[in-house]
Amino acid sequence: MTERQEFNLLRTYDDFELREYLPCVIAEVKVSAQFSTASSSAFSSLFNYISSGNKASEKIAMTAPVIAAQKAGSSDSDEWYVSFVMPSGATFGQLPHPNDSQVKLRELPTETCVVKSFRGRATEELSQKITQELRASASIANIALSNETRICRFDAPFKPGLFHYNEIVIPTI
């Protein structure tokens, strides 16, 4: 099974979870694209990085999810940050530098986030609907949220869409 980003479950609400994500390193590519093409346009650069496309020509294990993040209110609504989470225990200092200048390594601190999972292909319409539901539910629970939304995809694109597992993840403030 593919390794997943580590977290601790803090609380389960009726329709979402409150999680504490452990510190990790991500490999990230910033793209200007519509939602439907953002992940695929960044995927090859990220996949090349973990497939020996780095200064050490080292293979790095694939993890889940693939994350497409966007900040509301940014000047460019087509600005996306697509990332792979590096394997558990990897540190910024020990990971090889990417050959592709578009790929940036970044450390994420411990973060508390609200999370709502859903099945099906993570289309723009469905992702927006789940995001709105999650933001409304968190507001009712008096949880203040950042303006960032992460669409987390756990399954390969060739898997039938009906069986895709996804999550909307929003950091708290």
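This tour moves through a predicted model, from its sheet to the central strands, the enclosed and open spaces, and the cysteines.

**The sheet**

Begin by displaying the strands alone. They include an open sheet of 9 strands in the order β2-β3-β9-β11-β10-β6-β7-β4-β8, with antiparallel pairing. Select β2 (7–12) and β8 next: these two stand at the edges, and because each has a single partner strand, one side of each is left without a neighbour in the sheet. Looking across the sheet, one finds neighbouring strands turned by 30° against each other on average, direction ignored. As general background, strands of a sheet pair through backbone hydrogen bonds, either parallel or antiparallel.

**Strand β10 and its partners**

Now select β10 (148–153). Of its 6 residues, 6 are buried, and the strand is mostly covered. Colouring the side chains by face is instructive here. In a regular strand the side chains alternate between the two faces of the sheet. In β10, Glu 148, Arg 150 and Cys 152 lie on one side, Thr 149, Ile 151 and Arg 153 lie on the other, and all of these are buried, with both faces covered.

Add β6 (66–71) to the selection. The pairing of β6 with β10 is antiparallel and extends over 6 bridges. Two positions serve to check the register: Lys 71 stands opposite Glu 148, and Gln 70 has Thr 149 as its bridge partner.

Then turn to β11 (residues 165–171), which β10 pairs with in the antiparallel sense over 4 bridges. Here Ile 151 of β10 is opposite Ile 168.

Ile 168 also leads to a residue outside the strands. Select Ala 122, in the loop between β9 (111–119) and α2 (124–140). Its C-alpha atom is separated by 9.7 Å from that of Ile 168, although the two residues are 46 apart along the chain. Ala 122 has 6% relative accessibility and therefore counts as buried.

**Strand β7 and its partners**

Proceed to β7 (79–85). Is this strand enclosed or open to the outside? Since 6 of its 7 residues are buried, β7 is largely enclosed by the rest of the structure. With β6 it runs antiparallel, joined by 4 bridges, and Ile 67 stands opposite Ser 83. With β4 the pairing is again antiparallel, over 7 bridges; in that pair, Val 31 is opposite Trp 80.

**The cavity**

Keep these strands in view and switch on a cavity display. The count comes to 1 cavity of 30 Å³ or more, and the largest cavity has a volume of about 130 Å³. Its lining consists of 15 residues, with Ile 67, Ser 83, Leu 108, Glu 148 and Arg 150 nearest the centre. The elements contributing two or more lining residues are β4 (24–32), β6 (66–71), β7 (79–85), β8 (103–108) and β10 (148–153). The most comes from β10, with 3 residues. Colouring the lining by class gives 8 nonpolar, 2 polar and 5 charged residues. Several residues already visited reappear here: Ile 67 and Ser 83, which stand opposite one another, are both among those nearest the cavity centre.

**The pocket**

Next, display the largest pocket, which holds about 560 Å³ of space. Select its lining of 22 residues, in which Ser 39, Arg 153, Asp 155, Ala 156 and Pro 157 are the closest to the centre. Arg 153 is one of the buried residues of β10. Which elements each supply at least two residues of this lining? They are α1 (35–50) and β5 (63–64). The largest share, 7 residues, comes from α1. By class, the pocket lining has 11 nonpolar, 7 polar and 4 charged residues.

**The cysteines**

Finally, select the cysteines and show their sulfur atoms. How many disulfides does a search of the whole structure find? The result is 0. A disulfide requires the two sulfur atoms to lie within 2.5 Å. For Cys 24, the closest cysteine sulfur is in Cys 113 at 10 Å, too far for a bond. For Cys 152, the closest is also in Cys 113, at 8.8 Å, and this too is too far for a bond. Cys 24 counts as buried at 12% relative accessibility, and Cys 152 counts as buried at 5%.

Conventions:
Residues are numbered from 1 along each chain as its sequence is written. This is a predicted model: local features need pLDDT of at least 70, side-chain atom pairs count only at pLDDT 80 or more; totals for chains, interfaces and linings use all residues. Side-chain values use heavy atoms; hydrogens and water are left out. Buried means under 20% relative accessible area, exposed over 50%, partly exposed in between (1.4 Å probe, protein chains only). On a 1 Å grid over the protein atoms alone, a cavity is a set of points where a 1.4 Å probe fits but cannot get out, and a pocket is an open set with protein on both sides within 12 Å along at least five of seven lines; lining residues have an atom within 4 Å of a point. Grid points are joined across faces, edges and corners, and a volume is the space filled by probe spheres set on the points. Ala, Val, Leu, Ile, Met, Phe, Trp, Tyr, Cys and Pro count as nonpolar, Asp, Glu, Lys and Arg as charged, and the others, Gly among them, as polar. Two strands pair if DSSP finds at least two bridges between them. Axes are lines fitted to C-alpha atoms, for helices over the stretch in contact, and angles run from 0 to 180 degrees between N-to-C directions.
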